[in-house]
Amino acid sequence: MGHSQGKQYQGKKVTIIGLGLTGLSCVHFFLSQGVIPRVMDTRAVPPGVEQLPENVECHRGGLNNQWLQESDLIVASPGIALATPELQQAANNGIEIVGDIELFCREADAPIIAITGSNGKSTVTSLVGEMATAAAISVGVGGNIGIPALSLLNQGHQLYVLELSSFQLETTSSLQALAATVLNVTEDHMDRYPLGLAQYREAKLRIYHNAQHCVVNAQDPLTLPTEGNSNTWTSFGVDNGDYYFDSLRRTLVAKGQTLLNVDEMHLTGQHNYTNALAALALADIAGVDRDASLRVLKNYAGLVHRFQLVLLNNGVRWINDSKATNVGSTEAALNGLKVDGTLHLLLGGDGKSADFSPLKPYLAQDNVRLYCFGRDGKQLAELEPNKSVLTETMEQSMRYLAPQLKAGDMVLLSPACASIDQFKNFEQRGAIFAELAKELG
């Protein structure tokens with residue numbers, strides 16, 4: 001792999017679409033290979049543009065089709081659909097189109113653990129990274145989360161743990177993971193997959209291609225590889241699977257051996273117990289010391305913006321689950337959620353053409369009130385018109401519900417939508433929720 005290919009990019013005309021941290025990591029990668037790429041971004045003021053070296057040309061505010069069609073290689077940001085006409089034209093002209101993950105896989109100098117899924121992938125990725133670190137393994141963690149993959153190269157890592165999105169997988173063909181998992185497949189990004197769930201699933205399943213081990217969800221048949229030998233599969237699940245959560249005894253069990261009681265963990269909720277099992281299975285395959293992994297499971301407090309308790313005051317819990325950017329994610333938060341008083345649920349944003357109806361059974365419960373906002377707020381409020389309040393913004397919803405709160409209530413931001421209609425990203429949405437919680441609570 002990797003370095004043996006030598007100077008495969010020299011003399012090539014390389015065009016990078018999309019700046020930001022990932023785009024910059026691609027620029028520096030090509031410069032290190034002796035190639036000066038061109039960059040374009042549809043934004044007028046792309047993030048990171050001031051860090052571009054002087055000798056790198058940058059076209060802003062749209063795509064420069066002439067540059068694209070002159071290229072030998074196009075490196076596309078995951079944010080741009082391969083169905084974009086200019087990219088279709090380039091593909092039809094035989095121009096190679098890859099993403100940063102493909103570039104990384106060609107150079108990777110250590111085994112890769114690859115993780116995708118509609119929900120839970122950041123939690124599992126960071127868990128596996130923590131487990132390896134606890135076992136004194138030098139590990140590079142990144143991809144769709146945190147650090148761009150290319151920035152992890154040449155740091156002397158013994159293992160890579162990558163979170164990969166369906167968009168990243170579409171442009172990746174050289175991934176040969178030591179272990180790969182698709183945690184679950186539920187509707188997301190339907191605005192980018194006109195052929196629906198099957199097309200989205202197909203992109204996710206690319207992660208198994210040439211993987212030595214596949215870790216699959218025993219509860220979700222959509223996560224099973226469509227080709228390949230099942231004896232290299234390891235499964236996780238609730239009450240069944242090679243690694244399973246025993247719901248009666250509330251324990252995690254691996255291949256018949258009881259490992260720990262989930263009440264010893266900070267993470268809560270059935271979906272987090274299966275996330276923990278997926279992480280454990282991946283860490284075991286990577287040869288991470290089991291005791292180190294279990295220590296991490298007991299101590300790991302979870303990610304920011306992922307079902308995070310930001311305030312407990314006057315008996316009211318304020319929970320920031322801003323990372324719930326799709327329906328399946330909000331469903332996972334509501335599944336088995338115990339609230340003594342009323343659940344005040346904040347929903348809304350850009351729903352990415354998703355079907356919201358899977359939420360209906362959870363919203364029908366007597367103690368749930370909905371506060372809907374943002375671009376698709378009206379559509380969400382229509383799920384339960386008699387118990388919904390519709391406002392333009394999240395802040396208006398929060399100010400409206402605050403005076404009604406009683407001890408035992410929960411205010412939960414788990415919006416089931418992307419944030420980009422009203423916020424910079426889900427992190428900003430979560431931070432503003434936390435600030436308002438502290439003011440109002």
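**Exercise 1. The start of helix H10**

Find which residue caps the N-terminal end of H10, and work out how enclosed this helix is.

*Solution.* Start at the cap: Asn326 places a side-chain oxygen 3.4 Å from the backbone nitrogen of Gly328, capping the N-terminal end of H10. This is a polar contact, that is, a pair of N or O atoms within 3.5 Å; within protein, one must be able to donate a hydrogen and the other to accept it, and residues adjacent in sequence count only if both atoms are side-chain atoms.

A quick word on the source: this is a predicted model, in which local features need pLDDT of at least 70 and side-chain atom pairs count only at pLDDT 80 or more, while totals for chains, interfaces and linings use all residues. Residues are numbered from 1 along each chain as its sequence is written, and side-chain values use heavy atoms, with hydrogens and water left out.

Next, take the burial. Helix H10 covers residues 327-334, and six of its eight residues are buried, so it is largely enclosed by the rest of the structure. Buried means under 20% relative accessible area, exposed over 50%, and partly exposed in between (1.4 Å probe, protein chains only). Helices (H or I, at least four residues) and strands (E, at least two) are DSSP runs, numbered from the N terminus. The buried residues of H10 are Val327, Gly328, Ser329, Thr330, Ala333 and Leu334.

Then look for the cover. It includes helices H8 (270-285) and H11 (360-363), together with strands S17 (343-348) and S20 (410-413). Contact here means heavy atoms within 4.5 Å.

Finally, step past the helix: just after H10, Gly336 takes a positive phi of about 75°.

**Exercise 2. A five-stranded sheet**

Give the strand order of the open sheet with five strands, and say how the strands pair.

*Solution.* The order is S3-S2-S1-S4-S5, with parallel pairing. At the edges are S3 (58-60) and S5 (96-98), each of which pairs on one side only. Two strands pair if DSSP finds at least two bridges between them. On average, neighbouring strands of this sheet are turned by 20° against each other, direction ignored.

Now zoom in on one pair. Strands S1 (residues 14-17) and S2 (residues 38-41) run parallel and are joined by three bridges. In this pair, Ile16 stands opposite Val39 in S2.

Last, add the helices. H1 (residues 20-32) packs on the sheet and touches S1, S2 and S4 (73-76), its direction making about 165° with that of S1. H4 (residues 100-107) lies across S4 and S5, and runs at about 90° to S5. For these angles, axes are lines fitted to C-alpha atoms, for helices over the stretch in contact, and angles run from 0 to 180 degrees between N-to-C directions.

**Exercise 3. Aromatic pairs**

Count the aromatic pairs, then classify the pair of Trp318 and Phe433.

*Solution.* Begin with the rule: rings of Phe, Tyr and Trp (its six-membered ring) pair if their centres lie within 6.5 Å; planes under 30 degrees apart count as stacked, over 60 as edge-to-face and the rest as tilted. The count comes to nine aromatic pairs.

Trp318 and Phe433 have 6.4 Å centre to centre and 55° between the planes, a tilted pair. Trp318 belongs to strand S16 (residues 316-320) and Phe433 to helix H14 (residues 426-440), so the pair ties together parts that are 115 residues apart in sequence. Both Trp318 and Phe433 are buried.

Now try Tyr371 and Tyr400: the ring centres are 6.4 Å apart and the planes stand at 55°, so this pair is tilted. Tyr371 is buried at 2% relative accessibility, whereas Tyr400 is partly exposed at 46%. Elsewhere, ring pairs link Tyr9, Phe29 and Phe30 into a cluster.

**Exercise 4. Cysteines and two polar side chains**

How many disulfides are there, and which side chains do Ser126 and Asp263 reach by polar contacts?

*Solution.* A disulfide is a pair of cysteine sulfur atoms within 2.5 Å, and the count comes to zero. Cys58 is in no disulfide, and its nearest cysteine sulfur, that of Cys26, is 13 Å away. For Cys417, the closest cysteine sulfur is in Cys372 at 9.1 Å, too far for a bond.

For Ser126, in helix H5 (residues 121-134), the side-chain partner is Tyr300 at 2.7 Å. Ser126 is buried at 13% relative accessibility.

Asp263 sits in the loop between strand S14 (257-261) and H8. Asp263 is exposed at 54%, and its side chain makes a polar contact of 2.9 Å with that of Arg250.
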